[in-house]
Amino acid sequence: MNPGFCQLPFEWLGEIINLAAERIVVVDQDGIIKYINDAYCDFIGTTIENAINKPVQDVIENSRMHIVAKTGQPELAAVQSINGSEMIANRHPLFVGGDLVGAVGTVMFGNPQEWWAYSSKIQSLLDELKYYKTKYEKELRSKYKFDDLIGISPEFTALKKLAERVSGSQSAVLINGESGTGKELFAHSIHGKSSRSIFPFVPINCASIPEHLLESELFGYEEGAFTGAKRGGKKGKFETAHYGTIFLDEIGDMPLSMQSKLLRVLQEKEIQKVGGQKTISVDVRIIAATNRDLEKMVSEGRFRQDLYYRLNVIKLDIPPLRERGEDIVLIASSLIRKLEKKFHREGILLSGHVIQKLKNYSWPGNIRELENVLERAINVLDGRIIEAKHLPLYLRDQELDGGPASNQLSEQDFLDDGPSLSLKENAEIAEKRAIKKALNLAGGNKQKAAKLLEVSKTTLYDKCRQYGI
Ligand SMILES: Nc1ncnc2c1ncn2[C@@H]1O[C@H](COP(=O)(O)OP(=O)(O)OP(=O)(O)O)[C@@H](O)[C@H]1O
Ligand SMILES: [Mg+2]
């Protein structure tokens with residue numbers, strides 16, 4: 001016996017037991033109750049006098065204490081039904097001097113209400129967890145399918161067919177196309193039609209993540225890998241995408257140092273977390289996308305040739321909107337239906353004049369720009385017909401700025417003081433013009449353009465998205 005125990009006055013023991021285990025029952029090897037405290041008696045609606053020296057199964061509903069006293073096998077956190085409620089019981093065999101002499105049982109909750117309050121608290125946490133888990137899993141599913149890709153022009157139809165056909169393959173896909181042409185939609189659709197569709201689709205934008213964070217985003221990090229690293233470390237995108245697809249968007253903006261690391265992963269099919277030693281196998285299909293000319297970047301030494309070959313197994317070139325003349329009206333109509341839902345409107349139509357203008361324009365920002373133009377028009381629309389006056393000035397006056405091929409905004413944009421041109425719109429036009437100019441000067445390199453504009457790459461990236469550039 002523990003020598004410290006002998007020093008305790010006997011009458012203390014009952015109180016100590018009550019404090020240590022609120023509800024406690026002790027049976028001998030025959031399952032006869034030898035000790036039970038008030039709390040347990042209150043719990044089951046009896047008294048100590050009525051319970052003591054009785055077979056435990058006669059006193060406690062669904063008890064298994066007599067069994068544990070015989071088998072010597074503990075039963076921990078067992079669910080036991082008492083008074084129509086589910087309780088959590090712990091049943092320990094009692095060994096003294098190596099011999100099984102009985103069993104000790106405790107119940108973790110004093111009354112059904114207490115258990116109920118506890119379980120509903122846990123239940124709400126479990127519900128919350130389930131909600132975030134579903135939301136997270138939903139985030140990791142492809143959001144678009146091939147049916148969402150509108151277009152009937154022969155070139156686009158052939159491209160869509162090719163993409164559908166290669167969905168089933170495990171090979172890497174490289175999607176090339178100007179900004180806003182639907183690269184992301186294609187990537188989602190390919191994953192959604194592949195055998196990997198029940199596994200995650202994990203997009204990562206290589207342009208919007210600062211260079212020093214890209215590696216840990218892609219491969220994760222171990223706890224303590226760097227100051228500010230989260231406890232327990234973090235899973236990287238590759239690990240999250242296991243058995244699924246990783247979508248490396250804006251791959252042309254990936255720094256050379258990262259390109260080498262990516263190449264290694266594609267070759268070895270395993271990753272190593274930042275600050276970690278062990279390798280983790282990953283089975284991931286790669287879809288990469290860019291609006292840059294990767295071949296040119298390879299010849300200039302700005303993109304690794306070996307990586308380019310690895311990514312460019314299946315190439316999909318998405319045509320710009322201006323080369324899809326017969327699709328413009330079809331896409332515009334489908335976008336209008338989508339926007340009608342968003343703005344709770346219906347029956348919105350395009351005037352013949354507007355259709356002509358949409359067809360004539362060069363759409364440097366492609367479908368995203370068309371979407372922005374239509375959303376703006378619906379915002380300022382009083383009736384049901386979108387007329388030329390609802391279009392932004394650069395579209396209204398396109399004849400003045402050099403015809404369909406021009407992306408530039410004309411001076412007219414600033415001279416015309418039409419009623420819908422607010423200060424905000426003026427500022428937006430100026431921003432848009434500055435961004436286009438900087439991108440032109442930087443040869444499409446967003447990093448250089450951001451430097452010229454004296455903004456961060458992330459800000460420039462957000463602005464380009466906002467303005468459909
Ligand atoms: N074929 C299409 N039919 C209908 N809508 C489309 C089509 N292609 C793209 N869109 C719409 O155009 C917008 C831009 O598409 P997406 O984001 O896929 O372009 P992106 O090529 O990835 O552009 P960026 O290079 O700027 O990232 C989206 O809102 C998308 O819904
Ligand atoms: Mg994209």
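Partly exposed describes a residue whose relative accessible area falls between the buried range, under 20%, and the exposed range, over 50%. That scale will come in handy for the close-ups below, all drawn from a predicted model.

**Close-up 1. Lys193 and Glu164 join two helices through a salt bridge.** The side chains of this pair meet with N and O 3.3 Å apart. Lys193 belongs to helix H9 (residues 183-193), while Glu164 sits in helix H8 (residues 154-166). The two residues are 29 residues apart, so the contact links distant parts of the chain. Lys193 has 47% relative accessibility and therefore counts as partly exposed. Glu164, at 29%, is partly exposed as well.

**Close-up 2. Lys261 and Glu215 form a salt bridge between helices H12 and H10.** Here the closest N and O atoms are 3.0 Å apart. Because Lys261 lies in helix H12 (residues 256-268) and Glu215 in helix H10 (residues 211-219), the pair ties together parts that are 46 residues apart in sequence. If you are checking solvent contact, Lys261 is partly exposed at 26% relative accessibility. Its partner Glu215 is also partly exposed, with a relative accessible area of 24%.

**Close-up 3. A loop meets a helix where Asp30 forms a salt bridge with Lys70.** The closest N and O atoms of this pair are 3.9 Å apart, which is inside the 4 Å cut-off for a salt bridge. Asp30 is found in the loop between strand E1 (23-28) and strand E2 (33-36). Lys70 is part of helix H6 (residues 65-71), and 40 residues separate the two partners. Asp30 counts as exposed because its relative accessibility is 57%. Lys70 is exposed too, at 52%.

**Close-up 4. Arg64, Glu75 and Arg91 share a network of salt bridges.** Two arginines and one glutamate are linked here. For the wider picture, the structure holds 23 salt bridges.

**Close-up 5. Strand E7 runs parallel to strand E10.** After the charged pairs, this view turns to a strand and its neighbour. Strand E7 covers residues 201-205, and four of its five residues are buried, so the strand is largely enclosed by the rest of the structure. E7 and strand E10 (residues 245-249) pair in the parallel sense over five bridges. To find your bearings along the two strands, look for Pro203, which stands opposite Phe247 in E10.

Definitions and conventions
Residues numbered from 1 in each chain as written. Chains lettered and ligands numbered in written order. Predicted model: local features only at pLDDT ≥ 70, side-chain atom pairs only at ≥ 80, totals over all residues. Heavy atoms only, no water. Buried < 20%, exposed > 50% of the residue type's maximum accessible area, 1.4 Å probe, protein only. Pairing = 2+ DSSP bridges.
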